[in-house]
There are 2 protein chains.
Amino acid sequence: MRSRFTFLFRRKLKLQIITTSLTGGLVAGYIFSKYKPIVRAEADISVKVGERISTLPTYSMTEVAKHTTAEKGYWLAYKDGVYDITSYVENHPGGKMVLRSAGKALEACWKIFTMHDMDHVYEILEEYRIGNLPPGEREVNQREQEKITDLFQYDPERLNIKENFFVRSKRPFNAETKPSVLVSSFITPVEQFFVRNHMHVPFVNINEYKLEIGNGKSTHSLSFDDLTEKYQSHTITSTLACSGNRRGAMNNDEQGTIRGAPWYVGAIGNARWTGVRLRDVLQSLGLDKEGKYVQFYGLDCETPKRCYGGSIPIEKALSDDVLIAYEMNNESLTRDHGYPLRIIVPGSIGARSVKWVNRIVVSDKESDSPWQIFDYKLLPTSVKQPQKSDYDAAPAIQDLNVNSAICYPSSTEDGNKVKILSVQPNHNDIKNKKLTIKGYALSGGGKQIQNVQVSLDHGKTWLQAELEQLAEPHMRAWAWTLWTYHIPFDDLPSKPFDIICRATDTNANSQPESPVGIWNVLGHMNNAWHKITLQIDEKCLKKGS
Amino acid sequence: MRSRFTFLFRRKLKLQIITTSLTGGLVAGYIFSKYKPIVRAEADISVKVGERISTLPTYSMTEVAKHTTAEKGYWLAYKDGVYDITSYVENHPGGKMVLRSAGKALEACWKIFTMHDMDHVYEILEEYRIGNLPPGEREVNQREQEKITDLFQYDPERLNIKENFFVRSKRPFNAETKPSVLVSSFITPVEQFFVRNHMHVPFVNINEYKLEIGNGKSTHSLSFDDLTEKYQSHTITSTLACSGNRRGAMNNDEQGTIRGAPWYVGAIGNARWTGVRLRDVLQSLGLDKEGKYVQFYGLDCETPKRCYGGSIPIEKALSDDVLIAYEMNNESLTRDHGYPLRIIVPGSIGARSVKWVNRIVVSDKESDSPWQIFDYKLLPTSVKQPQKSDYDAAPAIQDLNVNSAICYPSSTEDGNKVKILSVQPNHNDIKNKKLTIKGYALSGGGKQIQNVQVSLDHGKTWLQAELEQLAEPHMRAWAWTLWTYHIPFDDLPSKPFDIICRATDTNANSQPESPVGIWNVLGHMNNAWHKITLQIDEKCLKKGS
């Protein structure tokens, strides 16, 4: 990969694809901890980045360590290089979390969070080069870093990855389901369900596991058995979708570069979740009478005090279907999906369905975790480089919006990169002289899908797709709706043509034509019409006629 | 008005504007009751419609009265004419309710519900002429009808109608606020608040008034004083919007004629509502533990057993802000707005905020009123003439969708009819060399407005409007947001140009570009981009430069 690297110092580098901010605030935390990095085989680019440049001045690590404030500037070291990243901080896709590396050496973080291991990231770093470390300090840094343990080594073994997923990052593991896999069943099998991790996967000893539930004054501690034996079980079918699903299609040169993983249409899945009602637990502990929010925290921690978290309004927490879940599709949760317990907040963005949950707090305040107060917010289109005040002014996203996507036919390659999809209609389609189009549609907040429409003329006229099922009941419709449309071969041109889909929900919200008006720098909630461009194998069309 | 009438018998008459279905199921009910019609001065058209045609056969009222089924056909009489409307029933904008006139004479209904008094309605009727009544029967019918009392004569006196409203029908009274009036204040004054009546305005003696609350097994009866003295008062600021707001812009020749009043952008208003929480009342009566829906019925009745009604899910009914309201903007409700008590369901379509409420029922079922099971439903785009099964398959609309409209500048004429609006910028705008654009934006279900954007290039680029306020708190944001945008005169062409607005809410739902994909035969929930075309007075532009 790196052999294609061209070493350019561009001051205003435009990045077309950004995959570096998956972890948001978690990137830098490992530097302070004692974990051991995995040392990768080095490739050709790394011999240039961070190597000694004789024309530059020398700064010791002691000097570097003094530069950890806005006044003095933010410095850091990488190999033999010293960098002043002060002017870069605002542009860091993971936000100000890069500052946790200020005054320190960078390799440990990057070798654990391997998503930084991309040409353009090295390119950017070297732009900020100001000097060299004295001889020997690089080696001291390396010995320090060897003490750091790589918790990712305990991540679960994952099978059939290439068959089912497009992997967006390995550490933390983030992978979306391939489109044609998505629509092959209403219930997504666990091994095909998208994985969105913010961190390593916690390793839980179920005998030691405790779920703490409190309100800041008193705290109750429940074992796994306490929870599953004391409370009635409840099962719902609910789609989980990442708020960044379809982010890839929101990137465009005119409006600016979007932060976060460029998900195509597969950061979504639909499963049966079994657990106990959060309401039942809160009521039994007398915690349902006060507070405005319920906060959740997981075992996926950056530091012992800084764990993944989120919160939901108390009204939602006390509603019928919010679960502390222990089963997914009638089996125990897998480690990637939150074993032993996770929250399921149906109708809301996946970020609120906290995995590996071990702490629940009823409070008058939202969670102060960065994932609640920064990452999962919808910033205005006009904000290109968010400041704290932008985040403060924007509410945390809760409910999903109405959305739909075409998933079949699809490519085995990343859909973001496929300009024209060559299609050989399958046997059935040839027999019926019709091309089958399939996809999913869903809305948020329990709204049912009202209809899905398909257009072959860029939205001038719309054709009704057949809905394979509707989520029930309609005010608590948590599951997606799969849909099908058959286009007669006679209506298909031999040259490439566009198919667009759009859904409307039961309160008549529908999808906008373009992402231009809904563009936001964090790339959340893209629900513009989904379009694919097809080129049908002409021989197949003839066989059918 | 009628002097322009051209008497054409067209079999496939296309109606461009339909104002006949405001009352839905209520149109025909009066025929069975004892109310006295108001006799209007007759105009030239009426001497033709219903007058004797010597070439046609004669049928007695006894014969007409036999035709009240699908098998025998549906007949009715008007003046001396006999009509077979069997093939028209499906096309009646008010649905099958027209059948309640079958076998009877029509004048009583039409003279009370004067919205039928339009050229095209007489035109349509005469298309179905099959015969004459025998001499003398017309006079018998008229004497019968004189016994009917016109309850509309007790409607309240309404002042400054022309100044504040476009009146869509006088009986029942339906009037929308003029756009420039709408955006002149965050709180809409009562006398400027749109009126949406399904019937005459009930006349209530407060000393006799009782509110019945039950669950089908037991019923509690509360006086006005019981309610207001026993329970704590609660005030919210909430927008009410008719689900048909902006219906006028959904009409188009290609997709078919839409039923219902062609509201422009003014079937909406924002007020402070004070009352008691529905939850508190249900809890105190032990009615909060069962049932899936809460039904509301008003005193505006077609027959004693058929009153306006609607229902909402129990979760919504038990939430913080659903009110049994007695004040609007700190004054007692006026008769047009539901005196003495009305329901306020913030975030939902206005139809659920039942006025003149006198009965509340907790039930496992939705209300079986026609306004719950027929009228206020979102039918699929493909349905042009709804059958019962279409209604059965469609859920009742509850929450509003995201919407916005440009209200200033605006015409004093009905906005639906204004193609190009000539604008003379006001003194301030000339001084500032900027044209001021103002409007409203809102969403449903408590979602806050995230942003409002304006485009001067048909949606290619979007400019951020200034939000004058945001509804609070953001998960229970019930009020609209007013917004402003200033366009520098230098950016304004001297020829007519379009301005478009669109809003996005905090769960990232936004407005679709066109109503084509959201078209529905009942014309609900139009939230396409709102566009106006302006022509600026060139002299003003020069003065400013």
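User: Let's start at the interface. How many residue pairs are in polar contact between chain B and chain A?

Analyst: There are 14 residue pairs in polar contact between chain B and chain A, with both residues at pLDDT 80 or more. Keep in mind that this is a predicted model. On the side of chain B that touches chain A, the elements giving two or more residues are strand E21 (449-455) and strand E25 (497-505) of chain B. By class, that side of chain B holds 16 nonpolar, 18 polar and 9 charged residues.

User: What about salt bridges: how many are counted between chain B and chain A?

Analyst: The count is 2 salt bridges between chain B and chain A. In a salt bridge between Asp399(B) and Lys447(A), the side chains meet at 3.0 Å, N to O.

User: How do I read the size of the contact, and how much area do chain B and chain A bury between them?

Analyst: The usual idea is that interface size is often given as the accessible area lost when the parts come together. Here chain B and chain A bury about 3,200 Å² between them, and 52% of that is on carbon and sulfur atoms. As for residues, chain B brings 43 to the contact and chain A brings 43.

User: Which rotation superposes chain B on chain A?

Analyst: Generally speaking, two copies of a chain are related by a rotation about an axis and a shift along it. In this model, a rotation of 180° with 0.1 Å of shift along its axis puts chain B on chain A, with an RMSD of 0.1 Å. That's the relation of a two-fold axis. Both copies use the same surface, as 100% of the contact residues of chain B recur in chain A.

User: And which residue of chain B comes closest to the rotation axis?

Analyst: That's Pro512(B), whose C-alpha is 2.2 Å from the rotation axis.

User: Now a sheet. What is the strand order in the open sheet of 3 strands in chain B?

Analyst: As background, strands of a sheet pair through backbone hydrogen bonds, either parallel or antiparallel. This open sheet of chain B runs E5-E6-E7, with antiparallel pairing. Strand E5 (165-169) and strand E7 (195-196) of chain B are the edge strands, each pairing on one side only. Strand E6 (residues 174-177) of chain B joins E7(B) over 2 bridges in the antiparallel sense, and Ala175(B) stands opposite Val195(B) in E7(B).

User: Last one, backbone oddities. Where is there a cis peptide bond in chain A?

Analyst: The rule of thumb is that most residues other than glycine have a negative phi, and most peptide bonds are trans. In chain A, the bond from Tyr408(A) to Pro409(A) is cis, with omega near 0°. Pro409(A) sits in the loop between strand E18 (403-408) and strand E19 (421-423) of chain A. Over in chain B, a cis peptide bond joins Tyr408(B) and Pro409(B), with omega about 0°.

User: And which phi does Asn330(A) have, positive or negative?

Analyst: Asn330(A) has a positive phi of about 70°, although it isn't a glycine. You'll find Asn330(A) in the loop between strand E14 (323-328) and strand E15 (331-332) of chain A.

Note on methods. Residues numbered from 1 in each chain as written. Chains lettered and ligands numbered in written order. Heavy atoms only, no water. Contact = heavy atoms within 4.5 Å. Buried area = accessible area lost by both parts, 1.4 Å probe. Salt bridge = Lys/Arg side-chain N within 4 Å of Asp/Glu carboxyl O. Polar contact = N/O pair within 3.5 Å; in protein donor to acceptor, adjacent residues only side chain to side chain. Helix = DSSP H or I, 4+ residues; strand = E, 2+ residues; numbered from the N terminus. Nonpolar A, V, L, I, M, F, W, Y, C, P; charged D, E, K, R; others polar. Least-squares fit on C-alpha atoms with pLDDT ≥ 70 in both. Pairing = 2+ DSSP bridges.
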